[in-house]
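Walk through this model from its overall makeup down to single residues. Keep the structure open while reading.

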Amino acid sequence: LAVALLRATDGVDPDRVWLLGHSLGGMLAPRIAEQADGLAGLVILAGAARPIEELILELVEVDPSFEGTLGQVVGGARGALNQITAPGRQGGECSYN
């Protein structure tokens, strides 16, 4: 992990290494922190408040570079996600059209 590499770097105090995650990185930061030994702390900036599967669909759909075959994959993924009701979530259609 990057945290272990940084903690082992000369000139870095291994007891003062923090992890910062922004946006989607903020969503992943707690998971990374669970696997990283010796973090002094964790900072989350603008962490996503929606489920990751909805964010991925939205990001792919709003980026014009994802056209053609990938657009078809996104359409299929949207259909599959609409059939899944995760524990604790309200069922319903994905609103990214």
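## From fold to residue

Residues 24 or more positions apart account for 41% of the contacts with a separation of 6 or more in the protein chain. The model is a predicted one. Its protein chain has 97 residues, and 18% of them are buried. The accessible surface of the chain is about 6,900 Å². Carbon and sulfur atoms contribute 56% of that surface.

Next comes the order of the elements. The protein chain holds 4 helices and 2 strands. Read from the N terminus, the elements follow the pattern α-β-α-β-α-α. Within this order, E1, H2 and E2 build a β-α-β unit, and the unit is right-handed. The two strands, E1 and E2, run parallel. They are joined by 5 bridges.

Strand E1 deserves a residue-by-residue look. One face of E1 is covered and carries Leu19 and Gly21. The other face is uncovered and carries Trp18, Leu20 and His22. Take Leu20, a residue of strand E1. Is Leu20 buried or exposed? Its relative accessible area is 53%, and the cut-off for exposed is over 50%, so Leu20 counts as exposed. Leu20 also takes part in the strand pairing: its bridge partner in E2 is Val43. Leaving aside residues up to four places away in sequence, Leu20 touches Val43 and Leu45. Gly41 is 21 residues from Leu20 along the chain. The C-alpha atoms of Leu20 and Gly41 are 8.7 Å apart.

Now follow the chain out of each strand. Ser23 sits in the loop between strand E1 (18-22) and helix H2 (24-35). Ser23 is not a glycine, yet its phi is positive, near 60°. Ser23 has a relative accessible area of 31%. That value lies between the 20% and 50% cut-offs, so Ser23 is partly exposed.

A second positive phi appears after E2. Ala46 is placed in the loop between strand E2 (41-45) and helix H3 (52-62). Its phi is about 50°, again in a residue that is not a glycine. Which class does the accessibility of Ala46 give? The relative accessibility of Ala46 is 58%, which is over 50%, so Ala46 is exposed.

Turn to the surface. Leu1, Leu28 and Ile32 form a nonpolar patch there. Together, these three residues have about 270 Å² of accessible area. Leu28 belongs to helix H2, the helix of the β-α-β unit. Why can Leu28 be part of a surface patch? A patch takes residues with over 30% relative accessible area, and Leu28 passes that cut-off because its value is 38%. By the same value, Leu28 is partly exposed.

Charged side chains come last. How many salt bridges does the structure hold? The count is 1. The salt bridge links Arg7 with Asp15. The closest N and O atoms of Arg7 and Asp15 are 3.9 Å apart. The limit is 4 Å, so this pair qualifies. How exposed are the two partners? Arg7 is partly exposed, with a relative accessible area of 24%. Asp15 is exposed, at 57%.

Conventions:
Residues numbered from 1 in each chain as written. Predicted model: local features only at pLDDT ≥ 70, side-chain atom pairs only at ≥ 80, totals over all residues. Heavy atoms only, no water. Buried < 20%, exposed > 50% of the residue type's maximum accessible area, 1.4 Å probe, protein only. Contact = heavy atoms within 4.5 Å. Areas by Shrake-Rupley, 256 points an atom, 1.4 Å probe, with all protein chains shown as cover. Pairing = 2+ DSSP bridges. Right-handed = clockwise from strand over helix to strand, strands pointing away. Patch = residues over 30% accessible without salt bridge, like charges linked within 9 Å, V, L, I, M, F, W, Y side chains within 5 Å. Salt bridge = Lys/Arg side-chain N within 4 Å of Asp/Glu carboxyl O.
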